[in-house]
Number of protein chains: 2
Amino acid sequence: MKTLIIATHPSLETSVVNKRWVEELKKYSKKYTVHELHKVYPDGNIDVEREQKLIESHGNLVLQFPVYWFNCPPLLKKWLDDVFLYGWAYGSKGDKLKNRKVALGVSAGIKNVDYSEDGRYHYTLEQVLRPFETTAIYCKADYRSFFAFYGTEFEPSASEIEKSTQDYLNFIDNM
Amino acid sequence: MKTLIIATHPSLETSVVNKRWVEELKKYSKKYTVHELHKVYPDGNIDVEREQKLIESHGNLVLQFPVYWFNCPPLLKKWLDDVFLYGWAYGSKGDKLKNRKVALGVSAGIKNVDYSEDGRYHYTLEQVLRPFETTAIYCKADYRSFFAFYGTEFEPSASEIEKSTQDYLNFIDNM
């Protein structure tokens, strides 16, 4: 089954990394479905049934977003709150995410070296992303960790972005 | 200076704990300003300048919310993204949160015992709330941790809620 990528970026057109990732993913429409939340729901009103059926008709699930304030964009949080419902995502009859491979694809403004326990911000990106990991655990999904690009605030080179794009697709293919 | 409480709950009227906390906080309007985000911004369009001036005219800052999917409601995340701007919250001239005491007041559906490293969901609430702690660190605020009520999904008694209300106000007064 195809992999579903929920790509959430409040301004994808001006993004450094996410735009390039989406562009590349779209070349392989037999392998991936790229679902751009801000494009599909510009008013933020999410069609819950549509989203649930979209997930059900796919295999692996990837949440792609830029890390702002050490967290996801608000629309992705709304999507989680709206779509991951009792009786669907969890509860005795809520098995739609059970054993489903779930991973994150994120870009971080901050450098890798600053995301460490003895770094400037005290915590690793893995630690910062615990809410998403814990959500997957709660839904009995098979959390496959995350792929990250670090340092978008520091003008990454075209070759760095290209390498990340290939690495990201490899990560998805092997998650 | 008064303490500003940013109270964010998508359905405060039907809430178990947050509603009671807000009700009690409002009794002491000389000590606290309760700013109910969903009431002030039902359409989600945040007046950034107003919010920044509100914070500037207060001392301590408390973010109050129910923990859904191990994270804050989407409107609070939008508020953080919109209000905590470069040049105001961070950057060489962004000092408006510097040394300001910041804390969280949260309700969690899950029981305390399940929020542990050997518990059902592997992580403590402290670990789950790292994005907010890290945001405070980034803005050089004085993060004063959080007050939590656990187990809202398990029909807490009126006396438990009352005790939490007094404990929460004590926490704020001593943060």
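1. How many residues does the contact take from chain A and from chain B? In this predicted model, chain A contributes 30 residues to the contact, and chain B likewise contributes 30 residues.

2. The area buried between chain A and chain B comes to about 2,800 Å². Carbon and sulfur atoms give 67% of that area. On the side of chain A, Trp69(A), Tyr123(A) and Tyr138(A) together supply 29% of the area that this chain buries against chain B, and no other three residues supply more.

3. The polar side of the interface merits a separate comment. The rule finds zero salt bridges across the interface of chain A and chain B. Polar contacts are found, however: 15 residue pairs across this interface, with both residues at pLDDT 80 or more.

4. Three elements of chain A each give two or more residues to the side that touches chain B, namely α4 (74–83), α5 (125–128) and α6 (130–138). Of these, α6(A) gives the most, with eight residues. By class, the residues on this side of chain A divide into 18 nonpolar, five polar and seven charged.

5. The largest pocket holds about 680 Å³ of space. Its lining comprises 25 residues, and those closest to the pocket centre are Gly44(A), Pro74(A), Lys78(A), Gly44(B) and Lys78(B). The elements that give two or more residues to the lining are α4 of chain A and α4 (74–83) of chain B. The lining has 11 nonpolar, six polar and eight charged residues.

6. Although the interface of chain A and chain B has zero salt bridges by the rule, a search of the whole structure finds 30 over all chains. One salt bridge joins Lys31(A) to Asp173(A), with the closest N and O atoms 3.0 Å apart. This pair links distant parts of the chain, the two residues being 142 residues apart. Lys31(A) lies in the loop between α1 (18–25) and β2 (32–36) of chain A, whereas Asp173(A) belongs to helix α7 (residues 158–173) of chain A.

Notes. Residues are numbered from 1 along each chain as its sequence is written. Chains are lettered from A and ligands numbered from 1 in the order in which they are written. This is a predicted model: local features need pLDDT of at least 70, side-chain atom pairs count only at pLDDT 80 or more; totals for chains, interfaces and linings use all residues. Side-chain values use heavy atoms; hydrogens and water are left out. Contact means heavy atoms within 4.5 Å. Buried area is the accessible area (1.4 Å probe) that two parts lose on being put together, summed over both. A salt bridge is a side-chain nitrogen of Lys or Arg within 4 Å of a carboxyl oxygen of Asp or Glu. A polar contact is a pair of N or O atoms within 3.5 Å; within protein, one must be able to donate a hydrogen and the other to accept it, and residues adjacent in sequence count only if both atoms are side-chain atoms. Helices (H or I, at least four residues) and strands (E, at least two) are DSSP runs, numbered from the N terminus. Ala, Val, Leu, Ile, Met, Phe, Trp, Tyr, Cys and Pro count as nonpolar, Asp, Glu, Lys and Arg as charged, and the others, Gly among them, as polar. On a 1 Å grid over the protein atoms alone, a cavity is a set of points where a 1.4 Å probe fits but cannot get out, and a pocket is an open set with protein on both sides within 12 Å along at least five of seven lines; lining residues have an atom within 4 Å of a point. Grid points are joined across faces, edges and corners, and a volume is the space filled by probe spheres set on the points.
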